Amino acid sequence: MTQLDMIDQADRQRTAIVTGAARGIGAGVATRLARDGFRVAVVDLDEEDCAGTVRAITRTGGTAAAIAADVNDETAVAAAVARIAAELGPPTVLVNNAGIGGPNAGVEETSTEQWDAVTGVSLRGAFFLTRAVTPYMMAAGWGRIVNMSSISALGDSGRVDYAAAKAGLIGFTKSLALRLGRHGVTANAIGPGFVVSDMTRVAAQRRGRTFEEHQRIVAQTIPVGRVGQPEDIAHAASFLVSPAAGFVSGQVIYVAGGPVD
């Protein structure tokens, strides 16, 4: 057994937290990490909504727990992380996936409430979770943080709130990498392109299209000729939290089916 194999075997006893994991990308990532051997805390607003993801994990022999928490509430986050540590073990892997997108609107039409809601979940929530989990990682001398950004971080004229939150996550990620590297903790971001999800389904409705039609139209603009699936993002997350990615930190990996400018 190589040293990397020994580290990998130890990592399989670790606890991972995935937020926004009731469905979509979060569910895909949580399921994949459980298959990789991690104990997974499936975090979302409603514990009952997490049941499907937990069942998918336990059905194949994995270990998971449904945890209800509003990531934009620092008290709720602190309580959730304490519960996870008690029930599943100290968390040393964190995937900040929770996010919402408001309706398409120009900056002049974006309300303060919408701005606060969108940036609060994606950016403020990631800060609360990371702050709560970092002490466990530092104590272990090992940790992995993955923040779910987006190609919208490069600019989105119809969603300035969402673009700002996702761009903020990139700066947050790079700062974490600089601060935590000496403690054995890496931090990276994933920037998904078009991925089949509730959010992209709503985007189709806004354009007056069926979701199937919307996917066909979008696929024509993607070099690989198809839209993304949650599993595509899960593959990237699986690598970034693995021992093999220990020399990858502060990076943004765009999983978008082609180059991103």
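**Exercise 1. Which residue in strand 7 is the bridge partner of P192?**

Work on the predicted model.

Step 1. Find how strand 6 and strand 7 pair: they run in the parallel sense, over 4 bridges.
Step 2. Read off the partner. P192 is bridged to V255 in strand 7.

**Exercise 2. Lay out the open sheet and name its edge strands.**

Step 1. Put the 7 strands in order: 3-2-1-4-5-6-7. The pairing is parallel.
Step 2. Look for strands that pair on one side only. These are strand 3 and strand 7 (252-255), the edge strands.
Step 3. Add the twist. On average, neighbouring strands are turned by 20 degrees against each other, direction ignored.

**Exercise 3. Trace the chain into and out of strand 5.**

Step 1. Start at strand 4. Strand 4 and strand 5 run parallel and share 4 bridges. Here L94 stands opposite I145.
Step 2. Follow the link. Helix 5 (residues 112-140) carries the chain from strand 4 to strand 5, in a right-handed β-α-β crossover.
Step 3. Go on to strand 6 (residues 185-192). Strand 5 pairs with strand 6 in the parallel sense over 6 bridges. I145 stands opposite A187 in strand 6.
Step 4. Follow the second link. The chain passes through helix 6 (residues 160-180) to strand 6, and this β-α-β crossover is also right-handed.
Step 5. Place both helices. Helix 5 packs on the sheet and touches strand 1, strand 4, strand 5 and strand 6. The direction of helix 5 makes about 155 degrees with that of strand 4. Helix 6 lies across strand 5, strand 6 and strand 7, at about 165 degrees to strand 5.

**Exercise 4. Is strand 5 buried or exposed?**

Step 1. Count. In strand 5, 6 of its 6 residues are buried.
Step 2. Split the strand by face. One side holds G143, I145 and N147; the other holds R144, V146 and M148. Both faces are covered.

**Exercise 5. Which residues touch the most other members of the largest nonpolar core?**

Step 1. Take the 29 residues of this core. V18, V29, L33, V40, V42 and I190 touch the most other members.
Step 2. Ask where the core comes from. Elements giving two or more residues include strand 1 (15-19), helix 2 (24-35), strand 2 (39-44) and helix 9 (230-240).
Step 3. Set the other core apart. It has 28 residues, among them I84, L94, A98 and A126.
Step 4. Zoom in on I190. Beyond its neighbours within four places in sequence, its contacts include V146, M148, I233, A236, A237, L240 and V255.
Step 5. Check helix 9. Of its 11 residues, 8 are buried, including I233, A236, A237 and L240. Helix 2, strand 5, strand 6 and strand 7 are among the elements that cover them.

**Exercise 6. What do the salt bridges of R23 and R131 connect?**

Step 1. Note the total: 8 salt bridges.
Step 2. Take R23 and D49, with closest N and O atoms 3.9 Å apart. R23 is in the loop between strand 1 and helix 2, and D49 in the loop between strand 2 and helix 3, 26 residues apart.
Step 3. Take R23 and D198, at 3.5 Å between the closest N and O atoms. D198 is in helix 7 (residues 198-206), so this pair ties together parts 175 residues apart in sequence.
Step 4. Take R131 and E74, at 2.9 Å, N to O. R131 lies in helix 5 and E74 in helix 4 (residues 74-87), so parts 57 residues apart in sequence are tied together.
Step 5. Join up shared partners. R23, D49 and D198 form one network.
Step 6. Check exposure at R23. Its relative accessibility is 41%, so R23 counts as partly exposed.

Terms used
Residues are numbered from 1 along each chain as its sequence is written. This is a predicted model: local features need pLDDT of at least 70, side-chain atom pairs count only at pLDDT 80 or more; totals for chains, interfaces and linings use all residues. Side-chain values use heavy atoms; hydrogens and water are left out. A nonpolar core is a set of buried Ala, Val, Leu, Ile, Met, Phe, Trp, Tyr and Cys residues joined through side-chain atoms within 4.5 Å. Buried means under 20% relative accessible area, exposed over 50%, partly exposed in between (1.4 Å probe, protein chains only). Contact means heavy atoms within 4.5 Å. Two strands pair if DSSP finds at least two bridges between them. A crossover is right-handed if, with the strands pointing away from the viewer, the path from the first strand over the helix to the second runs clockwise. Axes are lines fitted to C-alpha atoms, for helices over the stretch in contact, and angles run from 0 to 180 degrees between N-to-C directions. A salt bridge is a side-chain nitrogen of Lys or Arg within 4 Å of a carboxyl oxygen of Asp or Glu.
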